[in-house]
Amino acid sequence: MLDTRASTYKKYLTVAVIALICVFIFCEYLLYYLVLIQCTWPTLDARKVDVSIVQPVPEETPVHAMFIADTHLLGSKNGHWFDKLKREWQMYRAFQTMVTLHKPDIIFILGDLFDEGQWSSSAEFDQYVQRFHSLFSVPKNTHLYVVAGNHDIGFHYAITPYLNQRMALEGDGCFLCRPAEIALNKIAAQLKCAKNTENSCNKDNVISRYSRPIILQHYPMYRESDEICNELDQAPDEIKNIKFREGWECLSREASEQVLDILNPRLIINGHTHHGCRRIHRKDIFEFTIPSFSWRNKDNPSLLLGVFSPNNYSVSKCYMPKESTEIKIYIISVLCIFVYFIIKCKLKQNRHYLLKFH
């Protein structure tokens with residue numbers, strides 16, 4: 001009789017363990033597919049075509065691009081091993097699921113790839129880079145580009161030539177600013193040549209065909225705060241009204257106006273604040289700020305999907321699983337499995353006492 005009871009309890013325990021394993025697989029793997037399969041590529045709206053740009057030829061298919069920001073891979077100083085494991089698995093699973101399901105042509109990561117990049121030694125930075133490539137590996141037909149952020153090489157006033165080479169524009173005399181202005185003006189001249197509005201052009205112009213540029217950077221353009229933002233992934237209400245410091249939370253007003261004047265972009269995409277925002281400059285220049293890709297900085301992270309042609313574009317947000325949702329699934333599932341195990345054991349025990357009594 002004792003052997004029978006022990007065997008029954010062991011059976012119940014086995015069922016409970018199998019159920020826990022199923023919950024784990026669902027939360028750490030299947031949940032990402034269930035949520036991210038709902039994301040779709042935006043479609044180009046013919047009404048928004050820039051008629052000043054030459055129509056693309058049929059061979060020029062639209063480019064499908066994915067944008068993420070602020071992955072903040074933890075380093076040796078601030079990262080607890082479990083925190084590091086959990087956050088990196090979340091980013092790895094979300095990234096690889098998106099690549100598998102939606103197959104972007106090109107992917108951009110807009111700065112703060114690392115959390116402690118500016119403090120890392122050469123050996124630590126090399127390890128950082130290896131971890132980055134293992135988490136954000138892409139197929140051969142997908143191109144991956146990254147933008148440096150302040151956590152990668154420091155704020156602009158603290159950047160050294162070594163840090164800059166290993167991996168700004170502020171208009172305040174830092175060693176990077178003058179070369180950045182020269183580079184911007186050179187790009188502007190090349191754009192004018194491609195548009196045939198510059199007389200001093202040569203045949204070696206890098207840009208063979210004109211379209212309004214898209215600016216990808218780490219810092220947002222100048223804004224007073226996130227108070228103007230109205231997105232599902234916006235900053236929490238308690239910090240939305242906190243004023244931004246120019247050159248810290250956003251570009252300076254001067255630098256922002258300079259970039260807009262020189263390049264006249266059609267779209268600006270950036271990160272840095274860890275929260276989502278959308279705004280418009282000069283009537284037709286949209287700016288999207290992407291929240292952090294990591295659960296460590298954002299409970300409801302998102303990424304941006306975009307379809308681009310020389311004379312048109314369309315973007316849409318893709319929301320990833322919430323960390324709070326996953327935690328709730330774990331808590332409710334564990335409680336249900338525990339209650340199931342206790343009830344089964346109690347019923348078996350009561351049945352045993354009834355049989356013994358009779």
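Which residue in E9 is the bridge partner of phenylalanine 308? I started there, and the partner turned out to be tyrosine 313. A reminder to myself before going on: this is a predicted model.

**Entry 1: the hairpin**

I followed the chain from that pair. E8 and E9 are joined by a hairpin through 2 residues. I then looked up how the two strands run, and they are antiparallel, with 8 bridges between them. E8 covers residues 302-309, and E9 covers 312-319.

**Entry 2: the other side of E8**

Next I checked what E8 meets besides E9. Strand E1, residues 63-68, is joined to E8 by 5 bridges, and this pair also runs antiparallel. I noted one pair of residues here: glycine 306 in E8 has alanine 65 opposite.

**Entry 3: the whole sheet**

I widened the view to the sheet. It is open and has 5 strands, which I read off in the order E3-E2-E1-E8-E9. The pairing is mixed, although E1 with E8 is antiparallel and so is E8 with E9. Which strands sit at the edges? They are E3 (143-147) and E9, each of which pairs on one side only. I also looked up the twist: ignoring direction, neighbouring strands are turned by 20 degrees against each other on average.

Then I asked what packs on this sheet. Helix H2, residues 81-102, does, and it touches E1, E2 (106-110), E8 and E9. The direction of H2 makes about 170 degrees with that of E1.

**Entry 4: the second largest pocket**

Tyrosine 313 came up again when I turned to the pockets. The second largest pocket has a volume of about 540 Å³. Its lining counts 25 residues, and those closest to the centre are Lys48, Arg266, Phe286, Tyr313 and Ser314. I was pleased to meet the partner of phenylalanine 308 once more.

Which elements give two or more residues to this lining? I found strand E7 (285-289) and E9. The largest share is that of E9, with 7 residues. I sorted the lining by type as well and got 10 charged, 9 nonpolar and 6 polar residues.

**Entry 5: a disulfide at E9**

My last stop was the cysteines. The count of disulfides comes to 2. I opened one of them, formed by cysteine 39 and cysteine 318, whose sulfur atoms lie 1.9 Å apart; that is inside the 2.5 Å cut-off for calling a disulfide. Is this one right-handed or left-handed? The torsion about its S-S bond is about 75 degrees, so the disulfide of cysteine 39 and cysteine 318 is right-handed.

Key:
Residues numbered from 1 in each chain as written. Predicted model: local features only at pLDDT ≥ 70, side-chain atom pairs only at ≥ 80, totals over all residues. Heavy atoms only, no water. Pairing = 2+ DSSP bridges. Helix = DSSP H or I, 4+ residues; strand = E, 2+ residues; numbered from the N terminus. Axes fitted to C-alpha atoms, helices over the stretch in contact; angles between N-to-C directions. Contact = heavy atoms within 4.5 Å. 1 Å grid on protein atoms, 1.4 Å probe; cavity = no way out; pocket = protein on both sides within 12 Å on 5 of 7 lines; lining within 4 Å. Points joined across faces, edges and corners; volume = space filled by probe spheres on them. Nonpolar A, V, L, I, M, F, W, Y, C, P; charged D, E, K, R; others polar.
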